[in-house]
Structure formats: C-alpha cells, structure tokens
Amino acid sequence: METLVCNGLSKTYGTVKALDHVDLKLEEGKIIGLLGPNGSGKTTLIKLASRLLVPSEGNVTICGLEPGPETKAMVSYLPDRNYLPDWMRTKDLVKMYQDFYGDFDVERAQEMLNSLGIDYDMPLKKMSKGTKEKVQLILTMSRHAKLYLLDEPIAGVDPAARDYILKTIISNYDETATVLISTHLIADVENILDEAIFLKEGKVVLHQNVDELRDTTGKSVDEYFREVFKC
Amino acid sequence: MGWKFSDDTPIYLQIIEEVKTDIVSGKYKTGDKLPAVRDLAYDAGVNPNTVQRAYAELERQGLVQSERTSGRFVSIDDEKIEELRKDLSDFYIRELFRRLRDLGMDDKKIRDVLSKWRDE
C-alpha cells in the first residue's frame with residue numbers, strides 16, 4: 001500500500017519554483033532517502049506533506065487522504081530546526097507528547113531516554129546540540145505513526161550521535177510504516193535506505209531502490225549523487 | 001556504523017557473502033539459528049528489508065531453512081560446505097589474479113611470487 005502519493009505537486013514562492021510537478025509514490029515498510037543539495041525542495045516537500053504549506057498546484061495524499069487533522073494523527077514529523085519551547089524539561093516534553101498524540105508510546109520513549117541516561121529534569125536549552133537532537137528524535141520515533149517525516153535528523157551532530165539516531169530509526173519503525181529522511185549527508189544514511197529520491201531544482205531526477213542503483217551504476221549512492229550534482 | 005561495506009556492490013550481496021563465510025569457516029553449523037532480521041540489521045547498521053532480501057536469497061540457494069515461528073536455521077551438509085568453500089575461494093583467486101595482472105604480472109610471474117610467498 002502507498003503511504004504518500006504526490007501528483008504533479010508544485011510549490012511556488014513568488015517567482016521561485018521550489019517544487020515543480022513532483023510525482024511520487026512511497027510504499028509502506030520502506031525507509032526512503034530524500035536527497036538533494038541545499039535549496040532543492042526537500043523541506044518544501046516535507047512541509048507540504050505535513051500541511052504546514054499548501055500546494056500551488058497538484059496534490060499530496062497520505063494513506064489516500066488530503067493533509068489535515070486526520071493525517072496529522074498518522075504522521076510523525078521531525079522539523080529541521082528546534083521547534084519545542086526550550087524551557088521545557090524532558091519530563092514536560094514526554095507529558096506533552098502523551099497529551100497530544102494518541103499513538104505515543106510512553107514506555108518506548110522512557111526506555112530509550114533511560115538507556116541514554118537523559119536527565120528528565122533538564123530543560124532543552126541546557127542540553128548539548130547532540131542530546132537535543134536525540135531527545136527530539138526519540139519523541140518522534142516513539143509514536144506508532146504510518147509516516148515518519150524526518151527533516152535533516154543527523155545534521156550537525158557528531159558521528160556517534162548519528163549512529164545512535166540511525167539505529168533508533170531502524171529499530172523503531174514497523175513494517176506498515178514509511179520513513180522519509182531528508183538529508184545531504186548521504187554516506188551516513190545510505191546503508192539504512194531502501195530507496196533514494198534525488199531532488200534537483202524542485203524536480204525528481206531519480207527514484208530507485210538503492211541496491212539496484214549500486215548494481216546498475218557500480219557506485220554507492222553518495223558517489224552517484226556527487227556525479228549527478230557536480231558543480 | 002555497524003559493518004563496513006564496499007561501495008560498488010549491493011549491500012544484500014555483501015551480507016550473503018558474510019553469512020556464507022561464517023558457514024564455511026564453521027562459525028555457523030547446521031542447526032544453528034541465524035540472528036533475527038531486526039537484530040542483524042541493527043548490528044550491521046542496515047535496513048531490515050536488506051537483511052530480509054539476503055536471507056531470502058540464502059534460503060533460495062538452499063543454505064538456510066526457515067521455520068515459520070522460530071526463525072531461520074543453517075541447513076547444510078558437508079558436501080555443500082565444500083562446494084561453497086570452492087565457490088568462495090574461486091572468487092578470491094580470480095580477484096587475486098585480476099589484480100596482479102593489472103599490475104602487469106604474467107601468470108608465470110604470479111605463480112613464482114605465490115610460491116615464494118608461501119615459503120616465507
């Protein structure tokens with residue numbers, strides 16, 4: 001079954017075409033990389049899917065539904081910036097997620113927070129960047145969602161924290177969910193991907209299974225990306 | 001993160017080779033249970049579907065049997081292990097010859113250095 005479908009999806013800001021007639025079908029059970037250089041439209045696509053933006057043309061559906069309150073209940077979204085009030089302590093955040101999302105698995109979240117030795121009384125603003133990212137990812141992945149939209153989940157954190165984040169993604173999504181990860185740190189994520197999407201100036205230039213890509217090109221996704229997006 | 005993979009080959013093929021090597025070396029014996037898909041995916045740092053694909057292929061090749069509820073088990077007789085060992089060693093030898101020829105060595109020269117290397 002398809003979790004996310006885009007039909008001729010376009011978004012224009014003034015005269016800038018951020019997304020230009022994107023057609024995509026993302027199936028359940030897959031981890032998919034949304035890959036492209038800065039400004040290629042990755043965040044715009046994710047924001048359209050989470051209804052933070054409305055399309056200029058075309059449409060996007062999640063499990064067959066137009067984005068709205070119903071789809072928000074199925075979509076777990078991790079924005080590319082800190083979006084939570086920084087005075088909140090870990091325990092406040094857990095409580096808030098519990099209140100907001102019916103699919104939030106508090107035991108799962110606590111298990112992960114405990115294994116990292118996170119201090120429940122520490123406010124976000126006192127945490128290191130890596131810890132902050134980890135806490136936000138744990139909250140995002142502790143929902144039993146149909147679609148996870150992770151916008152740059154590993155940007156700006158050290159390699160050990162990256163490994164932790166990627167392993168958390170692998171071990172927490174289930175077979176009926178889809179995970180869409182946007183990033184330009186391709187070498188770090190490519191081993192956990194089923195499929196790669198290359199976005200270039202708002203257009204999809206490639207959408208392929210990563211093992212097939214390696215097979216046909218004899219290159220890693222990272223190498224192939226460097227070739228396609230050579231400056 | 002996890003295992004090291006080379007860039008030019010699909011990851012599921014590299015996992016298959018890893019498991020085959022473990023079988024030939026005796027790390028996995030007939031009747032041994034393979035790690036669960038999720039566990040191996042976690043350790044190797046790869047997508048669970050990739051491990052699933054590797055396991056399915058090992059099953060197709062008759063090296064592994066799956067029991068519906070309890071997991072996947074190595075199922076192989078000595079003859080087949082020998083066959084597998086030959087396949088893998090053929091591959092490495094072919095690779096060795098290819099690389100040495102790339103260095104401009106002819107087959108006689110390769111044989112000479114190999115026997116010299118063994119003696120040392």
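Helices and strands here are DSSP runs, with at least four residues for a helix and at least two for a strand. On that basis, chain B of this predicted model comes out with five helices and two strands. Reading from the N terminus, the order goes α-α-α-β-β-α-α, with the two strands sitting back to back in the sequence of elements, three helices ahead of them and two after.

As for overall dimensions, chain B has a radius of gyration of 17 Å, whereas a compact globule of 120 residues would come in near 14 Å. The box that its C-alpha atoms fill, taken along the principal axes, is roughly 55 × 35 × 25 Å. Burial fits into the picture next: 22% of the 120 residues of chain B count as buried. Turning to contacts in chain B with a separation of 6 or more, 60% of them link residues 24 or more positions apart.

Over in chain A, the feature to look at is an open sheet. Three strands make it up, in the order 2-1-4, and the pairing is antiparallel. Strand 2 (16–27) and strand 4 (57–62) of chain A each have a single partner strand, so they stand at the edges and one side of each has no neighbour in the sheet. From one strand to the next, the twist averages 15°.

The pairing of strand 1 (residues 2–13) with strand 2 in chain A can be followed bridge by bridge: the two run in the antiparallel sense and share eight bridges. Zooming in on a residue pair, A:Val5 has A:Lys25, in strand 2 of chain A, as its bridge partner.

Note on methods: Residues numbered from 1 in each chain as written. Chains lettered and ligands numbered in written order. Predicted model: local features only at pLDDT ≥ 70, side-chain atom pairs only at ≥ 80, totals over all residues. Rg over C-alpha atoms; globule rule 2.2 N^0.38 Å. Buried ≥ 20, exposed ≤ 12 C-beta atoms within 10 Å, placed from the backbone. Contact = placed C-beta atoms within 7 Å. Pairing = 2+ DSSP bridges. Axes fitted to C-alpha atoms, helices over the stretch in contact; angles between N-to-C directions.
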